[in-house]
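Dear colleague,

I am passing on the structure we spoke about, and below it you will find my notes on what turned up. Please read them with the coordinates open beside you.

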Amino acid sequence: MSSKDQWLLPDGIEEALPPEAWRLERARRELLDLFACRGYDLIMPPLIEHLESLLTGTGNDLDLQTFKVTDQLTGRMLGMRADMTPQAARIDAHPLRRDAPTRLCYMGPVLRTRTDGFGGSRSPLQLGAELFGHAGIESDTEILELVLETLSLLEISDVHIDLGHVGIFRGLARDAGLSAVHENDLFDALQRKAVTEIDEILTAQVADRGQRKRLAALAQLNGGADVFARAREQLAGASESVMAALDNLAAIASLLQQRAGDVNMNFDLAELSGYKYQTGMVFAVFVPGCGREIARGGRYDAIGEVFGRARPATGFSTDLKTLINLSQRHAGSIRGVILAPAVEDAALREAVTELRGIGERVVYALPGQSGSAADMGCDRVLEKAGAGWIIKPAG
């Protein structure tokens, strides 16, 4: 890189400058207050941890996304966090070790080796919440409500939620006796809705006609609430676990509609985001004009097992920078700055202290400095008036 390019940031790495940084900070404070009012305790995990802690549970999917370094003190491999969910699970399992349900929230930077669904950034400002210790539909619904409240606070409208349940596909694959390799092949084809490829895999690997038919049906089982009636008909004959998963998803959707009112929900029984670590309901949130999901989440009961406490868990995460870009809320204005002259005067010091006490932004000029008040971003100045000081517009 030539010297003239040294100021450039790596691809996918962004910084926030004024006033955008203030807009992000205001939203961060409001959202954490929202979470706090709902009983979610704030955690601040470290930016770097032992690699094996970060790549457990959900973290196994993050191996390629994680920057890795060697600890010069111990020789062990460390990782820069690419997702804060495994860290929340570790905190629930060990530092906290509560038996009662635990609600945790977090907000901070994560770093990724490549871009993903969060707006193409490798440095999202991850906001999320996790609920540990309860396996019922009420906790899944609470997380979905919190997502909707988050988006509502930022005035992001026309929200669409895609819901699925990994237990449906997982149960059907188990019924059919698919090997791990062929299950992964079928999973990949289902994500792409590649009907011809799905049929080829099933014809080659599944002998039972009924099992083939049920697995193939998943690619078409999407749409509104009528999906549940069609699914019960087309998946008839599946194992009890498959039908229990379908009932679980229907119950969550019904409770959310009851609590949150008119929610725009789409159901896709082939929606398997996070399939390798999710254990139940999964969801992704979309808005028109944005080709990527703006939030994602679901149930992942097995994540704490590696830490010695396999507690039920459900949660969501999003990128605050993505949400701010989509927000229709008026950004508001940052107060202008008042410039105080570079003089030693007790009355001036007192005036500046009083102004700062009511929220005004005041800076002192520095002796011999260059630039006018406007050059410093100041819209007003303090001028001497008799024994005191008054505010006047900057000239």
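**Strand β6 and its surroundings**

Strand β6 pairs with strand β12 (residues 313-319) in the antiparallel sense, over seven bridges, and within that pairing T314 of β12 is the bridge partner of L131. Please bear in mind that this is a predicted model. An antiparallel pairing over eight bridges also joins β6 to strand β5 (residues 102-109), where Y106 stands opposite G128 of β6. The strand itself, residues 125-132, is mostly covered, with eight of its eight residues buried. This cover extends to both faces, since L125, L127, A129 and L131 are buried on one side, and Q126, G128, E130 and F132 are buried on the other.

**Helix α4**

Helix α4 comprises the 17 residues 137-153, which at 1.5 Å a residue should span 24 Å, and the distance of 24 Å between its end C-alpha atoms agrees with that expectation. Many of its side chains are listed as buried, among them S139, D140, T141, I143, L144 and L146, together with V147, L148, T150 and L151. Just after α4, E155 takes a positive phi of about 55 degrees.

**A nonpolar patch**

On the surface, L47, I48 and V69 make a nonpolar patch of about 210 Å². V69 belongs to strand β3 (residues 67-70), and its relative accessible area of 35% makes V69 partly exposed, because that value falls between the 20% limit for buried and the 50% limit for exposed residues.

With best wishes

Terms used:
Residues are numbered from 1 along each chain as its sequence is written. This is a predicted model: local features need pLDDT of at least 70, side-chain atom pairs count only at pLDDT 80 or more; totals for chains, interfaces and linings use all residues. Side-chain values use heavy atoms; hydrogens and water are left out. Helices (H or I, at least four residues) and strands (E, at least two) are DSSP runs, numbered from the N terminus. The expected span of a helix is 1.5 Å times one less than its number of residues. Buried means under 20% relative accessible area, exposed over 50%, partly exposed in between (1.4 Å probe, protein chains only). Patches are made of residues with over 30% relative accessible area and no salt bridge: like charges are joined within 9 Å, nonpolar side chains (Val, Leu, Ile, Met, Phe, Trp, Tyr) within 5 Å. Accessible areas come from the Shrake-Rupley method with a 1.4 Å probe; for residues, only the protein chains shown count as cover. A salt bridge is a side-chain nitrogen of Lys or Arg within 4 Å of a carboxyl oxygen of Asp or Glu. Two strands pair if DSSP finds at least two bridges between them.
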